[in-house]
Structure formats: structure tokens, C-alpha cells
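Good morning, everyone, and thank you for making time for this one. Please have the sequence and the model open while I talk, and stop me wherever something is unclear.

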Amino acid sequence: MTLHRILAMLATVAVLTSCGANSETKTDTAADMPKAEKKVYGKITKVDVGPTIDESMVKSGHEVFETKCSACHKMDERYVGPALGTVATRRTPEYVMNMILDTETMIQNDDTVKCLLQEYLVQMPNQSVDEKDARNVLEYLRKEGAERQ
Amino acid sequence: MKNRLLSTMATLMFATVSLVIIGCSSGDDSSIGDTGDAASRAYVAPGKYDEFYNFVSGGFSGQLAVYGLPSGRLFRVIPVFSVDPEKAWGYSEETKPMLMTSHGFVPWDDFHHPELSMTDGVPDGKWIFGNANNTPRVARIDLAEFRTKEILEIPNSSGNHSSPFTTENSEYVVAGTRFSIPIPNEDVPIADREKFRGALSFIKVDKTTGHMELAFQLLVPGFDYDLAHAGKGPSHDWMFFSCYNSEKAASMQEINASQNDKDFIAAVNWKKCEEYVAQGRAKEMAATYAHNIFDDATQTARHTMKTSVKVLDASELSDIIYYMPTPKSPHGCDIDPSGEFIVGGGKLATVIPVMSYSKMIKAIEAKKFDKMIDNIPVLNYKECLAGEVQKPGLGPLHTEFDGNGYAYTSMFVSSEIVKWSLKDFSVVDRVPTYYSIGHLMIPGGDSKKPYGKYVVAYNKITKDRYLPTGPELTQSAQLFDISGDKMKLILDFPTIGEPHYAQAVPATLIKDKSKKIYPLAENKHPYMVKSEKETRVERKGNEVHVYGSAIRSHFKPDNIEGVRVGDKVFFHVTNLEQDWDVPHGFSIIGNNNSELLIMPGETLTVTWEPKRAGIHPFYCSDFCSALHQEMTGYVRVSPAGSNVPLSWNK
């Protein structure tokens, strides 16, 4: 990763997007609402989450989260990246899955993610999670979200 | 432009002067200054891939350089036989065992010849082998990771030069000694040179893992075994070694080893040797040599010492080795794609002798021997000769093949490449090199199916070719297009160290299997952490073990207290990233060791022995993100005997 690449990317982001301050903490802005009509970037186009929460998936998802995500994300406080305790209630399942699985595409295309990068400055790494594990992480985050509603 | 013209003229004058001094060969200088068209032929646009990987030995750098062809761009320097503080090679606890030998830790060597592993006589893209010339060893480098995975020391050898050439299916990698010595080595007068012997070693390679074992050594007369290449097709069972100093001189070799009109190419029937070993006719001989393997699961090298080797004594066994007389002090020993022609590069010869495998076999069957040396038959030169390339130039060294019926020989003294026909051994083209070419390489040019297209000259001297850099100048490679009848110079590029032999293969054979990360789930390093929750610091006597982690862009822990002067601190750092091209560095003030450069999913360890009390910062030394400058931490060091408790932040 070169400084040039990062600076170029930041410059692009700055020119192309205009973001509200602290976009992540304002949960009532339009960009933050899970909207079905919002364009989906990344390879996951549709996720059927079902009405209930699968506890065995939550358990696996929690383990993956500990290894691959917890170095930068906490549930209830900002850390290297945003707090994720309520992310599953604020974002679509497709957004969460694509952020994990197709990180680069999301960073380059999704307006919400572009704004988040301006705020947090550290690009979220692609942690080479497979689709099954990503789905389990989503389930874990759904559970965390449900507990906070 | 004027300067360029002047420099071109100067170059032309130099070339002309050289040719006048040499007096015979007439070079085709048309390629000099042929820049317009040449530039486009060597041009690879930004962001585009090269067509070939070119692996070039670093010579006295001890490392292996990886370039792209036709661009000449340097991609990577793979540490092999020399320490590399940039990559912590030989500094990290995980890699130090790789450089252990029977002489202890050896931080440097002289790497001459890379050789790709082969299947059916063509490179298979799995591994590349390399030789250490000074402290005899053979290394295996993995081509999915571009890392050295194994180093095997060669006993009874001294100057491992005719190495690491492989048989058609990499059944064996060979290691022939350049300097003969007493075997077993002992304290004798050098005047006993006559009694010294040579050892030709055959290393068995496991097809799946690549693991090397020294299968047997053939003890031979004490000449200097210089280069080698394996037979192919009909000559599959044979390995050919050139040797000089049949005079067995121990001093002033440049005169005393240049007396005989002919030296030899030794033809060794390795299949027959294998049979003898299977029949139990090899003797077990005490020997001490290191075998170092990098374990992928624990990401740590393991060093073991071997205690014996199987030897076959050529003077006691028949049918395994024959000497073919070859003029004069032969260096290169190259086999054409068909396996029929064996080309000797007689450094001091006025011709290039081309020996015939089929004639050699007939001579052996007819027992047409000129004489015996230590019970080894010496064949008749004429009986084995296919033909001689007449007036090739001066100082023939090495030959490669284009697969279209032509051979290309490097001429050191007359600084040129000579192209000649395998049909009638006539010279069809010649082109100057700048200057003093050693090895040359055509992609796949020593295999059964050369890819052709280019020949690269690896030159010993550059003089006026590049901007001056003080007394020490870069050495260089020169790329020639050989797709037409005439060789065309299209690019000069500088090299690391001193380039000797090289190999090249189409990028498609390697690029798609390149490893991107080390999966954390497969990391069995005893000091790894799977997540930040497992990070901790433990004391064992005066050893302090930091189980640390790195991810964009922080270390955990990043504040450590309770370290004392006199402690030995082990920083075991796991890079928790799982994304390609995101290494983290680790460096701490005053360390007598190198930095760490940790790949995604990898754990590496560096030791640090703080000398004085105080606050000691550490930081990430590989720019990893926009907040890389923030990726730092502190270690508090207290005086020896202090009772500051060991603590760290979670």
C-alpha cells in the first residue's frame, strides 16, 4: 500500500462526495436509513435474513468477529472503525455483507462508505472472510442490534 | 542528442577497438543505436504485466532477483543465502535456523545458478533451486510465495559450483564440487593435492513437498567440477559435468591448470548409480551437514544436523562414469532440446565442441577408450564428436537453445553472443554485448521446449553504459529480440549483485497461483495470537515474551511496563490483516537486530535486549494506512532488579 495510492483515493473521495459531519452518529439522515431502493454495490445482491435469529449462526459469527473484526470494531463505542452494536438495524443486510466481502467495491462506490472513510480515514481491510462466515457475522450483528432496540 | 551521439560514437569506437585487438571476429553492430523500434519492443505500459518472469542469481549478493521481461523491471529480491534486514531474513527467530551450517551461522554466500523444477523436461513453476558456492549448499525456493523454504548443506564438497542442475523430472538436483579436497577432509600438506578427490552429489527431491534428501555422492578424481546439465529424452539417464584442472594444480591455476590441451566432460549415468545404491553397494560414510526446512504450519525454520552420507566410489564401480575429452578448460556444459548434443564451452578453446550422445553410447558399447583414470574410462574425442563450431569468437562460456534449431553461445573474451546452427554447426549471426558477457539465458533455453523470443546477456562489466557511481559500477543484463534472423538489442537493465545464470518462464505458469495471505486459521505458530483478546506479556526468568498483534493501524499491546535492563524481550508479532499487500513493520529503538516485516496472517519474532532504563518507542516501519504514523507504542525499561510489575494495556 503506497502513500500515493491512499492520497489519490482520499482526493477522489473528497472531490466526488459531500458528507454531513459525523455521518455515522446521526442515525436519522437519509443516507443512513436502510432503503430498499438504494443502489447495491458488491457481489451480494439479496440476503434473506428471515424473521428469527439463528443462535448457532450467531455463535459462529461471534467467533469470526473476534478474530477478524474486533481489532477495529467495538459494539458501543467508536474505535478504529465505527461502533457496530446497531449496524444491523441501520443498514441493509446486503450492505453489511458487501462491506465484509467486497470491501474495495464498497469503499470506491457507495456514498455512505465514502463518507465514513472521510470521517475515519483508515480504509477497512478486506479480511478474506468467506460468504458463509460473513452471513454468520451478519447474524451475530442482527442479534446485537435486536438486543439494543 | 549531441551527447547521445557522442556517447554512441564512443561506444562504437570502444567496440571497434575491442574487435581490432581481438583481430578476427567481425561483429554486426547494426543493433547499436537501434533505439526507436527497440524501445517499443521492450515497453510494457504502466499497469500492464510482463510476459515472462526472469529469475536472476545475485552472485555475491547471495540472493535471487526477480525481473519482468521484456521490461527489465525489478519485482523482488528473494533472500536466500545472505541475511536481509529488510525482510528480517536471518534476523528473526523464525528464519535464523535457515542459515545454520556445520560451520555455525553463515550470514553470506555466493549464489550462482538458479534452476527451475521440471516435469517432462520443461519448467513446472513449482520451485526454483539455487546453489551456494562458498559454503556448499542447495536451496529450494517456493514459487507460490517467492520464499526460500529449504537449505541443504553438501558435505565432502568445497565450492559448490556445478549445481543445482536438475534431471528431467527433478528426480535429482546435483551438486558437484569445484574445489577437490581430501575426503574425508583432514589435516594434510597441500602438497598432497594429488590425493584430493571430488564429490558429485545427487539430491533426491520429493515430488509433492519438494523436500530434499542427499541420496548419494559419487567420489571421483580430484579435478575441478565446474558446470552441469542433465540429459533429456534419449539421454534422460545421464548427467553431464564439465571439469577443468585435470592437471590437479593447487597453486597458480591460471597457468598450472591450463596446461592440458583437453580436459573433460564427465558423463554420469545416474540411473545406474541409483541401481547400485538400491543394491546396497554404496558405503555409509560419516559426514556432518545441516538440513534446514521452513515449516509452513508453525512458520518457523527447523535446523537439524545430518551425520552420514551414502557414497559410491567411481574407482571401484564400473558403468557409471565416463570422461569425454573436451578442449580446453571447459566451463559451460549444455544439452540441446533433443538431448543429443552436449555443448562444451572451452574457455580457452578456439572452437565450440559439440559432442554427440548417440556417438558417446556407441563408443562406450564398443569400449573405445583412450585410457583409464582411476579406473574411469576416457573416451576418444573424435569418436564422441558431432562437430565443432569453427571461429566462433573468443572465450566460449555458455550455450542456450531457441527450440528452432539454433544455439546461442556467450563469448566472454570477445564480448559477444554467437548464434549457430545445430544442423551444420555454422555461425549464422553474432552481436556484441557491453561488456564481457558471462552467462546468457533464453526463456526455457535449457529445457526440452524453449520458449525462445528473447536472449538475455548477463554482463560482468558495464564501464560506460550507465551514469558513473564511483569505483563500483552496476552489472547489467541486455535483452535481445531473437524472433527474427538477426539478434536485436532492445534493452539494457542494471542487476543486483553479480548476475550469473538465470531462468525465465511465461508469467502464466506462476502468476495465478501466487499466495496472497497466510490464513490466520492455518497459523500454528506457538506464539501467535488469533485476536487482540489473546495479546499478553509473559515473563520467564529474564525472558519477556510479548504476544503482540498488528492491524491497520495499531499494535496491541502498545504500552508495556516492567521490562528490566538485562532482560531479553521477544516480540512475537502477528499481523491480523487478511488482505493482500498489507504487511506491517515492527522496529524498536536501539535494537541490535533488524526490523520485522510481517505479512498478513504471519507471526514473526525479533529479540531485543534493552541496554538502559527509560522509555523506548516502537513503531510500524511499513507505511500501512493514512494513520500509519500513529502506529506506535512505548516500552518502559526499568533498571536491573527493579520491582516495577509487568503490565500492558489490553
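Let me begin with a single pair in chain B: B:Pro353 has B:Glu388, in S25(B), as its bridge partner. Before I go further, I should say that this is a predicted model, in which local features need pLDDT of at least 70 and side-chain atom pairs count only at pLDDT 80 or more, while totals for chains, interfaces and linings use all residues. Residues are numbered from 1 along each chain as its sequence is written, and chains are lettered from A and ligands numbered from 1 in the order in which they are written.

The pair I started with belongs to the pairing of S22(B) with strand S25 (residues 385–389) of chain B, which is antiparallel and runs over 4 bridges; strands here are DSSP runs of E of at least two residues, helices are runs of H or I of at least four, both numbered from the N terminus, and two strands pair if DSSP finds at least two bridges between them. S22(B) also pairs with S21(B), again in the antiparallel sense, over 3 bridges, and B:Phe341 has B:Ser356 of S22(B) as its bridge partner. S21(B) and S22(B) form a hairpin, with 5 residues between them. As for burial, 4 of the 5 residues of S22(B) are buried, so this strand is largely enclosed by the rest of the structure; buried means that 20 or more other C-beta atoms, placed from the backbone, lie within 10 Å of the residue's own.

Next comes helix H5 (residues 357–365) of chain B, where B:Tyr357, B:Met360 and B:Ala363 are buried. Why do they lie on the same side of H5(B)? They do so because they cover an arc of only 120 degrees around the axis, the arc being that of the directions from the helix axis to the C-beta atoms. What covers the buried residues of H5(B) includes strand S21 (341–346), strand S22 (352–356) and helix H6 (381–384) of chain B. After H5(B) comes B:Lys367, with a positive phi, near 50 degrees.

Elsewhere in chain B there is an open sheet of 10 strands with mixed pairing, in the order S6-S7-S8-S9-S17-S18-S13-S12-S11-S10. Its edge strands, each of which pairs on one side only, are strand S6 (111–119) and strand S10 (160–162) of chain B. At one of these edges, S10(B) and strand S11 (residues 172–177) of chain B pair in the antiparallel sense over 2 bridges, and B:Asn160 has B:Thr177 of S11(B) as its bridge partner.

Taking a wider view, chain B is divided into domain 1 (29–513) and domain 2 (520–648), with bounds that come from an automatic or database domain assignment. The contact between them takes 12 residues from domain 1 of chain B and 15 residues from domain 2 of chain B, where contact means that the C-beta atoms of two residues, placed from the backbone, lie within 7 Å.

Finally, chain A has 7 helices and 0 strands, and of its 149 residues 34% count as buried. Between the chains, 18 residues of chain A are in contact with 22 residues of chain B. On the chain A side, helix H1 (3–16) and helix H2 (55–68) are the elements that give two or more residues.

Technical notes: Buried ≥ 20, exposed ≤ 12 C-beta atoms within 10 Å, placed from the backbone.
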